[in-house]
Amino acid sequence: MKTEIQNYNNAQIDSDKEICDLLYEIINENLPEAENKIWHAHPVWFLDGNPIVGYSKLKGSVRLLFWSGQSFDEEELQNEGSFKAAEIRFTEVSQINKEDLKRWLQKGREIQWDYKNIVKRKGVLIRLT
């Protein structure tokens, strides 16, 4: 685990750290080719510079966010924001369904909107895959 992400996870209370550590493990296992780093203060994974998935500590939960998740057709994921992102929130590590997460990560690889160039396109998102 990269030091910056380990530091992020270690800064959480024990129950949230467990969630973050498991999310990190499953994401890294299933997106081994992805670059990961702290981006806007949270761990995020990128494919070819495009954000795919990340997690962040919110008040009372840990949010797992898929930038293109609204296109996954997965009812467990809730729409987030005005673009194509979708999220799920966890308060206990036992709430993480590994099979669901693996499926969502595969969809994250296959279904992408071009967030990398959203500024160049003045807020217009174009589907890549």
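This tour goes through the largest pocket of a predicted model and then the strands around β6.

**The largest pocket**

Begin by selecting Trp 39, His 40, Val 44, Leu 65 and Trp 67, which lie nearest the centre of the largest pocket. The full lining of this pocket comprises 13 residues. Elements contributing two or more residues to that lining are β2 (42-47), β3 (50-58) and β4 (61-66). Colour β3 separately, as this strand gives the most, with 4 residues. The space within the largest pocket amounts to about 240 Å³. If the lining is coloured by residue class, 8 residues appear as nonpolar, 4 as polar and 1 as charged.

**From β4 to β6**

Keep β4 on display and add β6, to which β4 is joined by 5 bridges. The two strands run antiparallel. To inspect one of the pairings, select Arg 63 together with Arg 89, its bridge partner in β6.

Next, select β6 alone, residues 86-90. Is this strand mostly covered or mostly uncovered? Strand β6 is mostly covered, with 4 of its 5 residues buried.

**The hairpin of β5 and β6**

Now add strand β5, residues 78-79, which pairs with β6 over 2 bridges in the antiparallel sense. Select Asn 79 and look across to β6, where Ala 86 stands opposite.

The final stop is the connection in this hairpin, where 6 residues lie between the strands β5 and β6. Which residue of the hairpin takes a positive phi? Select Gly 81, whose phi is near 80 degrees.

How values were computed
Residues are numbered from 1 along each chain as its sequence is written. This is a predicted model: local features need pLDDT of at least 70, side-chain atom pairs count only at pLDDT 80 or more; totals for chains, interfaces and linings use all residues. Side-chain values use heavy atoms; hydrogens and water are left out. On a 1 Å grid over the protein atoms alone, a cavity is a set of points where a 1.4 Å probe fits but cannot get out, and a pocket is an open set with protein on both sides within 12 Å along at least five of seven lines; lining residues have an atom within 4 Å of a point. Grid points are joined across faces, edges and corners, and a volume is the space filled by probe spheres set on the points. Ala, Val, Leu, Ile, Met, Phe, Trp, Tyr, Cys and Pro count as nonpolar, Asp, Glu, Lys and Arg as charged, and the others, Gly among them, as polar. Buried means under 20% relative accessible area, exposed over 50%, partly exposed in between (1.4 Å probe, protein chains only). Two strands pair if DSSP finds at least two bridges between them.
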